[in-house]
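Work through the exercises below with the structure in view. Try each task before reading its solution.

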Amino acid sequence: MNETKPAKFSQLIGNTPLVNLGNLVNKNSAKLYAKCEFLNPGCSMKDRIAEYILSQVQMTGKIKKGDTIVCASSGNTGCSFAMLGSIKGYSIIVVTSKKCSIEKQNHIRALKAKLIIVDDKSDYMEYAQRLANENGYFAVDQYNNPYNPETYYKTLGPEIWKQTNGKITHFVMTGSTFGCITGTAKFLKEKNPKIKVILADPLHSNIYDYYYNGYKKNNHTYSADKNKSYIIEGAGKYKPTKCLDFSIVDRVVKISDRDAILCCHELLQKEGLLVGGSSGLNVFAAKITADRLTPSDVVVTILCDSGIKYLSKIYDREFLSQNNINL
Ligand SMILES: Cc1ncc(COP(=O)(O)O)c(C=O)c1O
């Protein structure tokens, strides 16, 4: 009998299943599939970039065991670096904003990383960079680091191509660093330039405006108007990052918190899928896309992280009713 040797848990990053969400679309729609990125060991797709960036900077001698790594993150990249840092012997400092869910905060702290939460008026990305410069730490800078899109170009893109037998016609994804959409789309479009790429942007993010209008408003600062903040974490930005390549985007669609969150609950009721808000945002945008197409089309989107990370927010009725969302 051939015995298979069990892998180490941290080696199980990537190669996630693709699931059929046909139950969520109309009868004569396109096929709708989603990558289960929440099944990565750290419960999000960000394990992929943490693993790849660490391997690259280790190989090129930019870091050595015992060094300190600073990571600005809406939470998931921080979790992934904290997990791999703990296993591989690095000290991790994660810098995030108050928007980061308590579950993600606790996950990072449980992994013994240092967590710094900056106030609403500060830019946590600038804070992390300053901290690294002043102390000689290595800054991940996932927003501008070319290894970020390269990760998805080498892993997620090829997986989707293979799992759909090259039949994918539309790729729908939100963005925050935009590493995932840029790297995945670049790979897919090289395989088939006819594939359309749709960026799903939260209502009060500015990427839609940058894409269609160039962003011309004066006095635009990071500290966005409180009334215009949005609930979904890990999606949208006040301005494009260096990782975002607009040339691979064919369309940007705006999705509200309400539609994204109701879609999360629909995924849970109809499929048993407990996923985060950005996954609901993606699936809602992918559903609209699929319902405008025909059964020969194949729409693929991403279930970015686990809903376990947001039990106190988008799965908490009190939180939802405080935000005028009633199930
Ligand atoms: C839950 C979640 N969804 C989506 C994204 C967006 O991915 P990317 O940073 O590659 O644009 C992130 C990034 O922080 C995230 O944490």
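**Exercise 1: Polar contacts of the ligand**

A backbone N or O atom of Cys180 lies 3.0 Å from an oxygen atom of the ligand. The model is predicted: local features need pLDDT of at least 70, side-chain atom pairs count only at pLDDT 80 or more, and totals for chains, interfaces and linings use all residues. Residues are numbered from 1 along each chain as its sequence is written, and side-chain values use heavy atoms, with hydrogens and water left out.

Task: find which backbone N or O atom lies 2.7 Å from an oxygen atom of the ligand.

Solution. Step one: look at Phe178; its backbone supplies that atom. Step two: turn to Asn76, where a side-chain N or O atom is 3.0 Å from a ligand oxygen.

**Exercise 2: The site**

Task: state where the ligand sits.

Solution. Step one: the ligand sits in the largest cavity (a cavity is a set of points on a 1 Å grid over the protein atoms alone where a 1.4 Å probe fits but cannot get out; sitting there takes more than half of the molecule's atoms within 2 Å of its grid points). Step two: that cavity has a volume of about 230 Å³ (the space filled by probe spheres set on the points). Step three: domain 1 (9–39 + 152–322) and domain 2 (46–139) both give residues to the shell around the ligand, so the ligand lies between them (bounds from an automatic or database domain assignment).

Technical notes
Polar contact = N/O pair within 3.5 Å; in protein donor to acceptor, adjacent residues only side chain to side chain. 1 Å grid on protein atoms, 1.4 Å probe; cavity = no way out; pocket = protein on both sides within 12 Å on 5 of 7 lines; lining within 4 Å.
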